[in-house]
Amino acid sequence: MIDPERAAAQAEEGFARMWAELLPVGRHSRSGGYRRHAWTAADAECRAWFEEQARARGLAYEVDGNGNQWAWSADPAAGGAIVTGSHLDSVPDGGAFDGPLGVVSAFAALDLLRETGAAGSRPLGIVNFGDEEGARFGVACVGSRLMTGVLDADRARALTDDGGMSLAAAMEKAGRDPSALGRDEERLSKIAAFVELHVEQGRNLGDAPIGVASAIWPHGRWRFDFHGQANHAGTTRMEDRRDPMPAFAAAVLDARERALSAGALATFGKVAVEPNGTNAIPSRVTAWLDSRAADPAVLEALVAEITRASGAEVVRESYTPVVDFDGPLRDRLAGLLGGVPVLPTGAGHDAGILASAVPTAMLFVRNPTGVSHSPEEHAERPDCLAGVAALARVLEDLLADPVSPGPAR
Ligand code: GLV
Ligand code: MN
Ligand code: MN
């Protein structure tokens, strides 16, 4: 006889244990934020944790050619698999929830399904997508972009980190074979649906602990190089300088004004100055613009205006078009969960990439402050547990009756 209260108590205990295990990994002692960048020691610790969770549950564990980790309840070879999960890497000084909440909740939801006898026999997969944040090599969602072929394998291998190490070299150093990168048609063809649970990254859920995603805003990253001439800070007259720093400063203010009037978002969050000396006029300022808008045309016009006004040399490093999640699947989830809010987001996710290849949906867990990509990111434990219960409910439903194959994607 199944005791739902006992099952819920066990899910709570399992969640708390997994959360406590991950909490110290890659946490910076001063900032309290996470530095779990792709293919570093902290990332390896997270990945080892994932493998342990898979093996402890008797799940079949594998790493695909793109470095994504998978744990399967049954052999996915027959197809019709339901997949859930997220990522374990972080932005510089990120919060504990962005990514890990989806992976921990995936294992907890599987435990709950097993405890209540609702797991069924259809393969359920749990995934940890590699390098979602792109904090080290500049391009976000590398694991899912490679899997779907959105990112070219040669381009991925050649991406470099700030120290000049290529992604290929970093993967090799971490024991992975970079020659295996590329679209994974076979794996994609086995997946009937993907559901990613994620902490909400704004304050848009209000009174509701759980929501469903409708769309992801189009967004991208652009590299701005402002060129100048290195010279002495104490001897070069102000009128003789070719200093790229004022041009950069003007671009920051200009981007802010233009984004405000367009109802869009523009952020310069990363800057590199050469030679980066207090008493030297810089020879170059390189800065990365992250810009997003609900409407792709607005985004395109905004970035074009910022580029033109800046006078910088500008290269687009990545772009994610608008994502409208599968309508029937989104409505099914919202209905199953009792009519929870359905909302768009400006944050990028692996689910947004997968959506181009398989029916995909997202669940959001309330974020009381809305703060994210920060050590202050938070979600209350009861909301996290409501997320586990909601994910389990959704998975149970999909496992019993998967999404019927739609038109070719
Ligand atoms: C990912 O978190 C992004 O939206 O940048
Ligand atoms: Mn993030
Ligand atoms: Mn995330």
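This short presentation concerns a ligand site and the manganese ions beside it in a predicted model.

Good morning, colleagues. I shall begin with ligand 1. The residues that surround ligand 1 are Glu133, Arg292, Ala347, Gly348 and His373. By class, this shell comprises one nonpolar, two polar and two charged residues.

Three polar contacts deserve mention. A backbone N or O atom of Gly348 is placed 2.6 Å from an oxygen atom of ligand 1. For His373, a polar side-chain atom lies 3.0 Å from a ligand 1 oxygen, and for Glu133 a side-chain N or O atom is 3.1 Å from an oxygen atom of ligand 1. Of the 190 Å² of accessible area that ligand 1 has on its own, the protein covers 93%.

I turn now to the metals. Which residues coordinate the manganese ion, ligand 2? The donors are Asp98 through OD, Glu133 through OE, listed twice, and His373 through NE2, at 2.0 to 2.8 Å. Their spacing in sequence reads D-x34-E-x239-H. Asp98 also bridges to a second manganese ion, ligand 3, and the two ions lie 3.6 Å apart.

Where do Glu133 and His373 sit in the fold? Glu133 belongs to the loop between strand S4 (124-129) and helix H4 (142-148), while His373 belongs to the loop between strand S15 (360-365) and helix H12 (381-400); the pair therefore ties together parts that are 240 residues apart in sequence.

Finally, accessibility. Glu133 has a relative accessible area of 7% and is therefore buried, the limit being under 20%. His373, at 40%, counts as partly exposed.

Thank you for your attention.

Key
Residues are numbered from 1 along each chain as its sequence is written. Chains are lettered from A and ligands numbered from 1 in the order in which they are written. This is a predicted model: local features need pLDDT of at least 70, side-chain atom pairs count only at pLDDT 80 or more; totals for chains, interfaces and linings use all residues. Side-chain values use heavy atoms; hydrogens and water are left out. A residue is near a molecule or strand if one of its heavy atoms lies within 4 Å of it. A polar contact is a pair of N or O atoms within 3.5 Å; within protein, one must be able to donate a hydrogen and the other to accept it, and residues adjacent in sequence count only if both atoms are side-chain atoms. Accessible areas come from the Shrake-Rupley method with a 1.4 Å probe; for residues, only the protein chains shown count as cover. Ala, Val, Leu, Ile, Met, Phe, Trp, Tyr, Cys and Pro count as nonpolar, Asp, Glu, Lys and Arg as charged, and the others, Gly among them, as polar. Donors are N, O and S atoms within 2.8 Å of the metal (3.2 Å for Na, K and Ca); water is not among the atoms, so sites may look incomplete. Helices (H or I, at least four residues) and strands (E, at least two) are DSSP runs, numbered from the N terminus. Buried means under 20% relative accessible area, exposed over 50%, partly exposed in between (1.4 Å probe, protein chains only).
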